[in-house]
Amino acid sequence: MKCDIITLFPEMVAPALHESMLKRAQERRLLEIGIHQLRDYAADKHHTTDDVPYGGGPGMVLKPDPIFAAVEKIRQERGEIRIIMPSPQGAQFNQTMASAFSKEERSLIFICGHYEGIDARVREGMSVEEVSIGDYILTGGELAALVMIDASARLIPGVLGEPASLEEESFSSSLLEYPQYTRPVEFRGLRVPDILLSGNHKTIRAWRKQQALLNTLRKRPDLLADASLTEDEREWVDQQHCDEIKSHS
Ligand code: ADE
């Protein structure tokens, strides 16, 4: 996966990309990330990147010319590109999108806006996908770009240690995860469920599946509609649902 981040605040993104899994992914050449200071692409001697909005109004707007210049430079170096603009107006980022980004052959360019906005001609003059990470407003696109890169990069084969952990985790199966425990067996009067100490892998697997189903039913019942469950599992969940309603009435 290849990514380029165009930003006025490189120091906001660099530290997150140089730690932990993302650092390791880059060292292993599974992930390539370029960080580009937008100011470097402004042609005037003051390196101006923003200006007042035509028609008046508060705040400043990012000028189109430095953004076009940055994108064109990156395109020359990378070849095929896919341009993402983090924006609260965009399509909602989710696990399906993360998976698509992780498999993308083209280089992903993230254009991070700040201030009141970005000149609309950036969207009109280039093929740009606006993507939101949620219904709230951030101060700029940097944190959103990092969220998208992090969620996507960990899906690249080889980035996480064990492929099995990807298959078991929330959202890949449309179920939330079962609870995990480690040593000690008893902590402040709280015990690890006996079944996990039994060594019986078949029973443990069945218990974990039930716990995942219960967890999803209680916290995110909306996910159950898309979950691929056997008929028995669906019946079991429905029964739990009825029991919980009865116990609360
Ligand atoms: N920029 C500002 N708010 C944002 C959001 N919620 N998602 C993506 N980019 C943003």
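**Aromatic cluster, nonpolar cores and largest pocket**

Phenylalanine 110 counts as buried because its relative accessibility is 0%, the cut-off for burial being under 20%. This value, like those that follow, was computed on a predicted model. Phenylalanine 101 also counts as buried, at 0% relative accessibility. Phenylalanine 93 is buried as well.

These residues belong together. Phe93, Phe101 and Phe110 form one aromatic cluster. A search of the whole structure gave two aromatic pairs. In one, the ring centres of phenylalanine 93 and phenylalanine 101 lie 6.0 Å apart. Their planes meet at 40°, so this pair is tilted. The other joins phenylalanine 101 to phenylalanine 110 and is edge-to-face. Here the distance is 6.4 Å centre to centre, with 80° between the planes.

The cluster residues reappear in the largest nonpolar core. This core has 31 residues. Phe93, Phe101 and Phe110 are among those with the most contacts inside it, along with Cys3, Leu17, Leu31 and Met148. Several elements each supply at least two residues of this core. The strands are S1 (2–7) and S6 (107–111). The helices are H1 (10–17), H2 (20–27), H4 (95–103) and H6 (142–153). Helix H6 provides the largest share, seven residues.

Leucine 31 illustrates how the chain comes together in this core. Neighbours within four places in sequence were left aside. Leucine 31 is then in contact with Met1, Cys3, Leu22, Ala25, Gln26 and Ala153. Another core lies apart from the largest one and has 18 residues. Its members include Ile6, Ile67, Ile74 and Ile81.

Open space was examined next. Rolling a probe the size of a water molecule over the atoms shows where empty space is left. The largest pocket holds about 470 Å³ of space. Its lining consists of 24 residues. Pro86, Ser87, Pro88, Gly113 and Gly117 lie nearest the pocket centre. Strands S5 (81–92), S7 (117–118) and S8 (128–132) are the elements that give two or more residues to this lining. S5 gives the most, with five residues. By class, the lining of the largest pocket has 11 nonpolar, 10 polar and three charged residues.

Definitions and conventions: Residues are numbered from 1 along each chain as its sequence is written. This is a predicted model: local features need pLDDT of at least 70, side-chain atom pairs count only at pLDDT 80 or more; totals for chains, interfaces and linings use all residues. Side-chain values use heavy atoms; hydrogens and water are left out. On a 1 Å grid over the protein atoms alone, a cavity is a set of points where a 1.4 Å probe fits but cannot get out, and a pocket is an open set with protein on both sides within 12 Å along at least five of seven lines; lining residues have an atom within 4 Å of a point. Grid points are joined across faces, edges and corners, and a volume is the space filled by probe spheres set on the points. Helices (H or I, at least four residues) and strands (E, at least two) are DSSP runs, numbered from the N terminus. Ala, Val, Leu, Ile, Met, Phe, Trp, Tyr, Cys and Pro count as nonpolar, Asp, Glu, Lys and Arg as charged, and the others, Gly among them, as polar. A nonpolar core is a set of buried Ala, Val, Leu, Ile, Met, Phe, Trp, Tyr and Cys residues joined through side-chain atoms within 4.5 Å. Buried means under 20% relative accessible area, exposed over 50%, partly exposed in between (1.4 Å probe, protein chains only). Contact means heavy atoms within 4.5 Å. Rings of Phe, Tyr and Trp (its six-membered ring) pair if their centres lie within 6.5 Å; planes under 30 degrees apart count as stacked, over 60 as edge-to-face and the rest as tilted.
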